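Here's a quick briefing for anyone meeting this structure for the first time. Take a look, then read on.

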There are 4 protein chains.
Amino acid sequence: MKLGIYGLGRMGANMARRLSRGGIEVVAHNRSTAPIDELVAEETHITGAYTLNEFVDALPSPRIVWLMLPSGNVTEEAISQVLPLLDEGDLLIDGGNSFYQDTIARAARVQKSGVHYMDVGTSGGVWGLKNGYSLMFGGSDEAATLITPAIKVLAPAADRGWGHVGPVGSGHFVKMVHNGIEYGMMQALAEGLDLLRAKKAFDLDLAQITELWRDGSVVQSWLLDLTAEALAEQGQGLEHIAPVVSDSGEGRWTAKEAIDLGVSAPVMTLALQMRFASQDAEGYGNRLLSLMRNAFGGHAITKK
Amino acid sequence: MKLGIYGLGRMGANMARRLSRGGIEVVAHNRSTAPIDELVAEETHITGAYTLNEFVDALPSPRIVWLMLPSGNVTEEAISQVLPLLDEGDLLIDGGNSFYQDTIARAARVQKSGVHYMDVGTSGGVWGLKNGYSLMFGGSDEAATLITPAIKVLAPAADRGWGHVGPVGSGHFVKMVHNGIEYGMMQALAEGLDLLRAKKAFDLDLAQITELWRDGSVVQSWLLDLTAEALAEQGQGLEHIAPVVSDSGEGRWTAKEAIDLGVSAPVMTLALQMRFASQDAEGYGNRLLSLMRNAFGGHAITKK
Amino acid sequence: MKLGIYGLGRMGANMARRLSRGGIEVVAHNRSTAPIDELVAEETHITGAYTLNEFVDALPSPRIVWLMLPSGNVTEEAISQVLPLLDEGDLLIDGGNSFYQDTIARAARVQKSGVHYMDVGTSGGVWGLKNGYSLMFGGSDEAATLITPAIKVLAPAADRGWGHVGPVGSGHFVKMVHNGIEYGMMQALAEGLDLLRAKKAFDLDLAQITELWRDGSVVQSWLLDLTAEALAEQGQGLEHIAPVVSDSGEGRWTAKEAIDLGVSAPVMTLALQMRFASQDAEGYGNRLLSLMRNAFGGHAITKK
Amino acid sequence: MKLGIYGLGRMGANMARRLSRGGIEVVAHNRSTAPIDELVAEETHITGAYTLNEFVDALPSPRIVWLMLPSGNVTEEAISQVLPLLDEGDLLIDGGNSFYQDTIARAARVQKSGVHYMDVGTSGGVWGLKNGYSLMFGGSDEAATLITPAIKVLAPAADRGWGHVGPVGSGHFVKMVHNGIEYGMMQALAEGLDLLRAKKAFDLDLAQITELWRDGSVVQSWLLDLTAEALAEQGQGLEHIAPVVSDSGEGRWTAKEAIDLGVSAPVMTLALQMRFASQDAEGYGNRLLSLMRNAFGGHAITKK
């Protein structure tokens, strides 16, 4: 089997590596050339393509073109450039973190050319190369059949960690909700550890506690595993880390989707909102609250 | 009518003033003497008492002793000191912000001596002297009858803004819940104004908007009135105010009471929790979240 | 002054009435004719127009056409129908609850024809006819000048309760956020009263308590006024009311806007989510939680 | 090694079994006799004790008495009955879910008699017998040394899943916070799956999705494992499960502790509050909200 990967950022490059190591032939393309050179030098089954034409020409029919690009305009433009070079029956895959409604719209456009379109939601982060990626994809059965051999290599095991979950868009949708759950679980864990630490009288060792919870407890989870390992390595002071938590598209999309569907999802949403609060250096809302307290109760306003 | 006020802090002193201006005779006592002197010099119907014995002796039978002291130990000790000086049929009032369960326990103790006990939850802040206080009190009908003439003077009007809401403890309970609602309303207002301000493209004038909402809108409220006035006076930048919001006992008690009663009160509770977040300079929970993001996704940790 | 109102639902009809009673000439149009007939029969300064052509012809130049229609398609279609009938310099107003981004897009389209476009966010509900409406509008200064005489009549007072808050779209934006605040305030009040009621030992009278809070308390608000009056009239049992709370576009838009702007607005959002929970007869999420509790702890699952 | 277990409910009986199967001699006591008979008949290393005197006499010095009783009065009374029968240097363990502040108070009382006191927070539910229990305990080093051989048998492995986390009380504290995290994680997962299901257009198979997430995804967790298995067995309709979620002491204690410590723990708290909402058949707060909507906006109140 041979397929093309366009986009050799952290995720795309590692997926190419895992495919190559699993015996899949990969044609690798990227805007800048250094990542191509690096992969080609490193892996047996990867060949480089320095232009889109070269990239497309190197693929057997039906071609499989797997985009691993930042969501939004970059993906949009790449599709516009690649699509004219593809033939009927080829398969174009968006493996990035696109918003599922964009995916549905793009699929409609792509499919007009007779090209299959598929979305593959991918989880696994920096651990995917070693442990395999969690893959949830949407599209036609025909497209799914084309891609399954590669999926089995990318996944943690040939029969686990992946699934064809529904029509086009559903892969990105399921991945989006996965991230919403991730936000909520992370926040729950962080709140609990924060509470343990706030109980100064017990002088608890968070590395010890997270480590012991890894076996037999109800909160056993990969996030707990990683936290325990990181605390053991870095110590529990965390003075080197800024108390500011970034957020990404999926967390926002999930919260908004829940609102659109009229589903009460307060924990996933709050986990996002607490990140916003952490990012808010100005604290205007809090200033207003102090203003009000002063106005009705004469409470002191701490001067800055 | 003549009654004694013990505790001449901001609330106690202003209540003494309002009573005096309404023709009620007030005997004023305080640990430090300056506030007594000040009140006596200022008001026609206030006399000072510099010791507890003097204070109690100056009151006609049945005595009405109104405590306006910080909740907790200070109130507890004052009751222990005053109670032995009182006679059967006298009335001891806790007008402070005591936790209602403490009030119920104290009432049981006080009533063993044949002294009436009453709790008066009081709202009105710095505006009470001018506009009158909102008063919600708990206790027996007999005690309520004794105190009603003074209540009518303290309240915004003789027939409005006060009520005998139930048995001992219920006054403090109702006041506590009032403050919980206050927290939620304040947070709602602050969030909305924060959102208006965040919409930079519209360059909105918050003083104008809060002012115009004061008439005809659904969010008409005293908190809005005060906010509009403060924004008009101080400007909307609020650079002089620290983004740190204090909290007081009632907010915490309300949130915990809701948990004890199994009542879902997420908005009142969150308003409190957002204040906690504003007070949290260390941000340990947020550091943990960044740690986790780095551990699973390789996301950058902003160094501090 | 003479203007046209298109859309004689509850809001539009009452605004026409208030304009007429304030001496403004109103041409009233509606898809169905009964509301036109009713208004014409009732008010001195209202004339009816049964077709759009008739409607537009009855207005002096520059025409002022005020749409009071349901947001979304209905407003969209009305604009498409009216716009070709208008001349350069006329003013088209959307007084409904449109999403502000739709408003901005529509304004761009309308202004291409040389017609002014203005959005007027309107609050006041069923009380607006009597008490006046809270009006926040966006658009050019020229448009604002045209409409101000009518605004002064619609508002609670000529100099209060209205404002030109910014460019096109800002009126609907400010109204949207107003509703978000409204959601939060309502939820805070409902939670507090629910908590009072749950304290069975005190057997509190919610009509009494809400009534007494109306004077002197920090939670004084129009929502409290209405609640106190309704509880006094209907009793506090509320057995006749279903425990299901509807939501409307603005609440959802506000929550999503906060997410888009990265503003933490948990209370406004939760107030919306609690409404969703109240609407959720199936309770699938809760079934899942019971399933999990059974799976790890053997806890009983209540059979339905 | 030989120790006594008092309380043969689901947890206590299974812990006795696991100890026996690991070669630890167990003296089993219970108020009712049937559970004793059952264990004795079933396990090689368990002997029964039908009275407290018999129980205590059967234990070698220093005695280890492990209480596995419901928290609150039952545990309190058992301590009062057992303590007089113990000698200096014996060890009394509370392995139940007591509130940590009660534990600290009890320890002070017990230690006056020269008896060691230790709290063992235990997680593992119905799976503990097979997989081992997660054990977090508080107490002196001397007490910890006494109990460690048994702990190693109860835990998932001799060197994993257990820890001496701090002084008396800290075991129950850490277990309490563990449960708070559990609440938050469960709620996050339930919200996400509810959202997947609400997206009717995709007709997603939750059993498939939860199963595939078990490998490689960020949300890998024991709760996910159990959910995937339960959905596979029971189908995703869950019509047989009532949408009402119970809560237990630890969830409430955690939320209140966070408030006492001034730690913002919104997700853990909300997870609890959503359970309260699920338990609230009356929906009084929601009726109030509908009442308000009707009062200001004339919105229909759905009659029940």
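A polar contact here is a pair of N or O atoms within 3.5 Å; within protein, one of them must be able to donate a hydrogen and the other to accept it, and residues adjacent in sequence count only if both atoms are side-chain atoms. With that in hand, chain D and chain A share 20 residue pairs in polar contact, both partners being at pLDDT 80 or more. Keep in mind that this is a predicted model.

**How chains A and D are related**

- Turn chain D by 180 degrees, with 0.0 Å of shift along the axis, and it superposes on chain A with an RMSD of 0.0 Å.
- That is the relation of a two-fold axis.
- Which residue of chain D comes closest to the rotation axis? Ser221(D) does, with its C-alpha at 1.9 Å.

**Where they meet**

- Each partner puts residues into the contact: 67 from chain D and 67 from chain A.
- Of the interface residues of chain D, 100% are also interface residues in chain A, so the copies meet through the same surface.
- Between them the two chains bury about 5800 Å², and 73% of that is on carbon and sulfur atoms.
- On the chain D side, Leu195(D), Phe202(D) and Val218(D) lose the most area to chain A, together 13% of what that side buries.

**What bridges the gap**

- The rule finds six salt bridges across the interface of chain D and chain A.
- Glu257(A) forms a salt bridge with Lys199(D), and the closest N and O atoms are 3.2 Å apart.
- Several elements of chain D give two or more residues to the side that touches chain A, among them the strands β7 and β8 and the helices α5, α9 and α10.
- The largest share of that side comes from α8(D), with 18 residues.

**A closer look at helix α11 of chain A**

- This helix covers residues 249-261, and at 1.5 Å a residue its 13 residues should span 18 Å; the end C-alpha atoms are 18 Å apart, which agrees.
- Buried or exposed: which describes Trp253(A) and Glu257(A)? Both are buried, and the buried residues of α11(A) also include Thr254(A), Ala255(A), Lys256(A), Ala258(A) and Ile259(A).
- The cover over the buried residues of α11(A) includes α5, α8 and α12 of chain A, α11 and α12 of chain C, and α8 of chain D.
- Right after α11(A) comes Gly262(A), whose phi is positive, near 70 degrees.

Notes:
Residues numbered from 1 in each chain as written. Chains lettered and ligands numbered in written order. Heavy atoms only, no water. Helix = DSSP H or I, 4+ residues; strand = E, 2+ residues; numbered from the N terminus. Expected span 1.5 Å × (residues − 1). Buried < 20%, exposed > 50% of the residue type's maximum accessible area, 1.4 Å probe, protein only. Contact = heavy atoms within 4.5 Å. Least-squares fit on C-alpha atoms with pLDDT ≥ 70 in both. Buried area = accessible area lost by both parts, 1.4 Å probe. Salt bridge = Lys/Arg side-chain N within 4 Å of Asp/Glu carboxyl O.
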